[in-house]
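Take a look at the structure below. This report walks through its ligand sites, its sheet and its domains.

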Amino acid sequence: MRVSIKRDYDFIEYDVDMQDATLLEVLEAIKTTQDNSLAYSSGCRSSVCGSCAMRVNEKEVLACAYKVQAGDVIEPLKNVEVIRDLVVNMDRALKTNKRAKTWLQTYNKEAKLTHEDEKINALQSDCILCGACYSACPVYAVNTDFLGPFALTGVWKYISDKREAEPKEKIDTIQTNGVWDCTLCNECTLVCPQGISSKADIEKLRMKSSQFGYMDSSFAQSFGGGLSF
Ligand code: SF4
Ligand code: SF4
Ligand code: FES
């Protein structure tokens with residue numbers, strides 16, 4: 001079968017004689033038998049490390065999980081700097097975690113987590129920072145100050161953790177370029193290999209923001225500035 005891989009500014013076609021192979025296996029075969037200059041990232045080979053995210057036919061996948069089909073068009077993630085071929089620099093996206101303060105800020109030592117408490121944000125804890133959601137997000141594509149899907153999911157994870165004693169501090173942090181900038185398009189959910197819905201987490205963060213007196217500033221402006229929050 002033939003696949004096409006974006007390399008610098010061109011798409012290069014490769015013929016591979018493989019059946020039921022993952023994209024990572026195909027890339028390894030091309031590199032070892034046809035073109036050892038092909039660059040891509042990988043690590044665990046089992047959907048755990050998040051380092052092999054890329055796009056196939058304009059949809060984000062993990063190369064170690066995706067089964068290649070004839071005619072597939074393979075490209076690097078979007079909305080990140082391409083270092084070479086399919087290798088991208090995730091630094092800018094990862095820095096959103098720092099801007100969003102995705103950690104326990106004020107630790108309530110008295111609060112003890114039960115097994116039931118741990119289930120509340122178990123899904124959010126499964127994020128492997130693959131960057132697929134940032135690649136798919138149309139808001140991050142045009143506004144790199146937007147905190148973005150995995151950072152906002154991270155904020156929800158700690159807001160919903162009863163050991164966080166000052167949730168309002170976290171809510172304050174996500175009002176600008178954060179929860180209200182998301183269009184709720186759901187693209188991040190559709191591409192997440194871990195089944196995380198950042199869109200759903202952002203909706204919960206909006207409800208929490210409202211409880212602390214915040215609202216969408218564009219909505220407030222539509223009332224001629226007559227609302228205060
Ligand atoms: S939320 Fe999902 S798509 Fe986004 S970085 Fe985490 S695992 Fe990847
Ligand atoms: S739902 Fe929000 S965070 Fe997710 S892709 Fe759409 S705009 Fe981005
Ligand atoms: S190689 Fe680790 S997630 Fe694919």
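## Around ligand 2

In this predicted model, ligand 2 is surrounded by 15 residues. The closest are Cys 137, Cys 182, Cys 185, Cys 188 and Lys 199. Three helices give two or more residues each to this shell: H5 (138-142), H8 (187-191) and H9 (198-211). H9 makes the largest contribution, with three residues.

What classes of residue make up the shell around ligand 2? It has 10 nonpolar, three polar and two charged residues.

## Around ligand 1

Ligand 1 has 16 residues around it. Closest to ligand 1 are Cys 127, Cys 130, Ala 132, Cys 133 and Cys 192. Two helices, H4 (132-136) and H6 (149-159), each supply at least two residues of the shell. The largest share comes from H6, which gives three residues.

Sorted by class, the shell around ligand 1 has 12 nonpolar and four polar residues. It has no charged residues. The shell around ligand 2, by contrast, has two charged residues.

## The sheet

Now to the strands. Five of them form an open sheet with mixed pairing. Their order is S2-S1-S5-S3-S4. Strand S2 (10-15) and S4 stand at the edges. Each has a single partner strand, so one side of each is left without a neighbour in the sheet. From one strand to the next, the twist averages 35°.

How do the strands pair? S1 (residues 2-7) runs parallel to S5, and two bridges link them. Here Ser 4 stands opposite Val 73 in S5. Strand S5 (residues 73-75) also pairs with S3, this time antiparallel, again over two bridges. In that pair, Arg 55 has Glu 75 as its bridge partner.

## The hairpin of S3 and S4

Strand S3 (residues 53-56) and strand S4 (residues 59-62) run antiparallel. Four bridges join them. Val 56 faces Lys 59 of S4. How many residues lie between the strands of this hairpin? There are two. Asn 57 takes a positive phi there, near 50°.

## Two domains

The domain assignment splits the chain into domain 1 (2-89) and domain 2 (91-217). Their C-alpha centres lie 29 Å apart. The two domains are in contact, with 15 residues from domain 1 and 15 residues from domain 2 taking part.

Which strands of domain 1 help to form its side of the contact? S3 and S4 each supply at least two residues. S4 provides the largest share, three residues. By class, this side of domain 1 has seven nonpolar, four polar and four charged residues. The hairpin strands S3 and S4 therefore appear twice in this report: S4 stands at an edge of the sheet, and both strands supply residues to the domain contact.

## How confident is the prediction?

The chain averages a pLDDT of 94. A score of at least 70 is reached by 95% of the residues. One stretch, residues 225-229, has a pLDDT below 50. Beyond near neighbours in sequence, this stretch has five contacts in the model. Where pLDDT is low, predicted coordinates should not be read in detail.

Technical notes: Residues numbered from 1 in each chain as written. Chains lettered and ligands numbered in written order. Predicted model: local features only at pLDDT ≥ 70, side-chain atom pairs only at ≥ 80, totals over all residues. Near = placed C-beta within 6 Å. Nonpolar A, V, L, I, M, F, W, Y, C, P; charged D, E, K, R; others polar. pLDDT = per-residue confidence, 0-100. Contact = placed C-beta atoms within 7 Å. Pairing = 2+ DSSP bridges. Axes fitted to C-alpha atoms, helices over the stretch in contact; angles between N-to-C directions. Domains from an automatic or database assignment.
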